[in-house]
Amino acid sequence: MRSLWWSLLVVQILFLLLGFSNGESPYRWYNWNITYGDIYPLGVKQQGILINGQFPGPPIDSVTNDNLIINVFNSLDEPFLLSWNGIQQRRNSWQDGVYGTNCPIPPGQNFTYVLQVKDQIGSFFYFPSLAMHKAAGGYGGIIIRSRPLIPVPFPPPTGDYTILVGDWFKLNHTDLKAILDGGNDLPFPDGILVNGRGSNGLTFTVDQGRTYRFRISNVGLTTAINFRIQGHKMVLVEAEGTHTLQNTYESLDIHLGQSYSVLVTMDQPGQDYYIVASTRFTSPVLTATSILHYSNSAGGVSGPPPGGPTIEIDWSLNQARSIRQNLTASGPRPNPQGSYHYGLVNTTRTIRLANSAPMINGKKRYAVNSVSFIPADTPLKLADYFKIPGVFNLGSIQDYPTGGGGYLQTSVMAADFRAYVEVVFENPEDTVQSWHIDGHIFFVVG
């Protein structure tokens with residue numbers, strides 16, 4: 001552990017020498033130790049991945065333009081990386097935390113992430129990006145608050161809760177990886193977790209008549225989630241860093257990797273109510289409940305948990321279409337979100353990306369345009385920076401589906417800086433697919 005503290009001290013001294021302390025953009029320092037630990041989220045002992053002994057990991061609570069210094073010491077017996085879902089990493093993919101942009105942190109070693117939440121607000125989460133580690137934990141919430149002088153399009157809520165919800169397997173992450181390596185699909189999940197707990201494992205205490213903000217992220221592996229609160233309406237105010245039109249919903253579909261913020265007013269009689277998360281597009285439907293507890297509650301929950309949508313695809317699509325950007329609200333800057341005019345956007349290239357799940361060399365793999373990525377011995381960013389030949393080839397993945405069988409490749413797609421590209425995602429499979437494009441935001445046009 002001594003090297004953990006020394007490395008953080010060295011980074012602090014460097015920033016002081018460079019004159020970066022107490023500047024316009026504050027620095028927030030985190031010191032994390034990654035370990036294995038016994039967890040019992042579904043009543044069965046499992047090997048979890050803990051951060052400073054916590055599952056889920058500690059929250060990151062920041063303000064627009066803050067600089068985050070996160071020193072991560074890997075006490076596991078295998079390499080480890082953390083990625084920051086939704087953090088844009090503007091011109092700084094070195095800190096993105098996925099294989100190719102970061103070297104894995106070796107066992108017994110540390111790495112210090114230095115990243116800025118530049119011109120961002122909203123609700124996000126971090127997660128481990130290697131070797132099915134996400135199935136063992138290692139994830140946590142990220143909050144980026146607006147700067148004090150930037151107007152927010154709703155009154156300050158009384159309280160602010162982060163809810164990390166997702167499907168969960170009783171098998172350890174090493175067993176799940178072995179299942180894929182054996183040429184098989186992942187099994188059906190065993191349950192749903194809310195902040196690392198199974199059904200009725202959490203209670204959220206609120207005051208009657210007050211309004212609270214709930215930041216909800218789907219941190220699961222395979223399954224979309226529907227979220228609802230018994231007897232209460234939810235006003236959507238933010239979707240992954242963008243203020244939305246404030247539509248009211250009885251329940252929300254939250255797909256893998258998505259994060260929403262809702263306002264809930266405690267306008268019901270003083271008692272306890274169910275908070276429900278259930279799987280979408282699955283059979284059977286898995287459900288987990290938590291408790292919304294009024295501080296003046298005269299009784300416990302009553303009746304069954306409220307039901308929600310199950311396999312209705314059109315319902316989910318129509319809800320997604322109803323979510324719109326609030327063009328008059330300020331984002332991370334005082335400018336209204338709708339004032340950023342780009343003029344005529346001339347797309348110079350169309351990229352079609354089709355996902356598939358082929359068998360390659362007897363193992364279940366996942367592929368894009370038939371290519372299943374394999375890491376090179378030399379990290380791609382280093383190979384690019386030092387112009388090391390033979391590590392990867394630009395154009396090793398096509399701009400369109402090939403229709404051929406899957407194959408292994410260290411696939412790298414070239415792009416031009418500041419170019420406008422149309423990207424079409426195609427899913428020919430019979431399961432819902434979520435795409436995560438690190439470090440970028442998009443205009444959804446169709």
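**View 1. An open sheet of 4 strands follows the order 2-1-4-6, with mixed pairing.** Strands, like helices, are DSSP runs numbered from the N terminus, with at least two residues (E) for a strand and at least four (H or I) for a helix. Two strands count as paired if DSSP finds at least two bridges between them. This is a predicted model, in which local features need pLDDT of at least 70 and side-chain atom pairs count only at pLDDT 80 or more, whereas totals for chains, interfaces and linings use all residues. Residues are numbered from 1 along each chain as its sequence is written, and side-chain values use heavy atoms, with hydrogens and water left out. The edges of the sheet are formed by strand 2 (46-51) and strand 6 (110-116), each of which pairs on one side only. From one strand to the next, the twist averages 20°; the underlying axes are lines fitted to C-alpha atoms (for helices, over the stretch in contact), and angles run from 0 to 180 degrees between N-to-C directions. Strand 1 (residues 27-39) and strand 4 (residues 67-74) run parallel and are joined by 8 bridges. Within this pair, Y30 stands opposite I70 of strand 4.

**View 2. A further open sheet of 4 strands has the order 3-8-7-5 and mixed pairing.** Strand 3 (60-63) and strand 5 (82-85) occupy the edges; each has a single partner strand, so one side of each is left without a neighbour in the sheet. The twist averages 20° from one strand to the next. Strand 5 runs antiparallel to strand 7 (residues 122-128), and 4 bridges join the two. W84 faces Y126 of strand 7 across this pairing, the two residues standing opposite each other.

**View 3. The loop between strand 2 and strand 3 contains N52 and P56.** N52 is not a glycine, yet has a positive phi of about 50°. The relative accessibility of N52 is 37%, so this residue counts as partly exposed; buried means under 20% relative accessible area, exposed over 50%, and partly exposed in between (1.4 Å probe, protein chains only). Further along the loop, the peptide bond from F55 to P56 is cis, with omega near -10°.

**View 4. The peptide bond between S283 and P284 is cis.** Its omega is about 5°. P284 belongs to the loop that connects strand 19 (272-279) with strand 20 (287-294).

**View 5. N361 has a positive phi although it is not a glycine.** The phi value is about 55°. N361 sits in the loop between strand 22 (359-360) and strand 23 (363-364). With a relative accessible area of 70%, N361 is exposed.

**View 6. F417 is an exposed loop residue between strand 28 and strand 29.** The flanking strands comprise residues 411-412 and 421-426, respectively. The relative accessible area of F417 is 59%. I351 is 66 residues away from F417 along the chain, and the C-alpha atoms of the two residues are separated by 16 Å.

**View 7. Residues 1-23 have pLDDT under 50 throughout.** The pLDDT value is the predictor's confidence in each residue, on a scale from 0 to 100. For this segment the model has 25 contacts beyond four places in sequence, a contact being heavy atoms within 4.5 Å. Where pLDDT is low, the predicted coordinates should not be read in detail. For the chain, the mean pLDDT is 90, and 93% of the residues reach 70 or more.

**View 8. The UniProt record (unreviewed entry) places the feature "domain: Plastocyanin-like" at residues 34-147, 160-297 and 377-446.** UniProt positions are given in the numbering used here, feature names are shortened, and annotations may be inferred rather than shown by experiment. Residues 34-147 are 0% helix and 42% strand, with end C-alpha atoms 31 Å apart. Residues 160-297 are 7% helix and 49% strand, and their end C-alpha atoms lie 20 Å apart.

**Inset. The chain contains 4 helices and 29 strands.** The C-alpha trace spans about 70 × 55 × 55 Å along its principal axes. The radius of gyration of the chain is 22 Å, which agrees with the value near 22 Å for a compact globule of 446 residues; it is taken over C-alpha atoms, and the globule rule is 2.2 Å times the number of residues to the power 0.38. Of the 446 residues, 44% count as buried. Among contacts between residues at least 6 apart in sequence, 73% join residues at least 24 apart.
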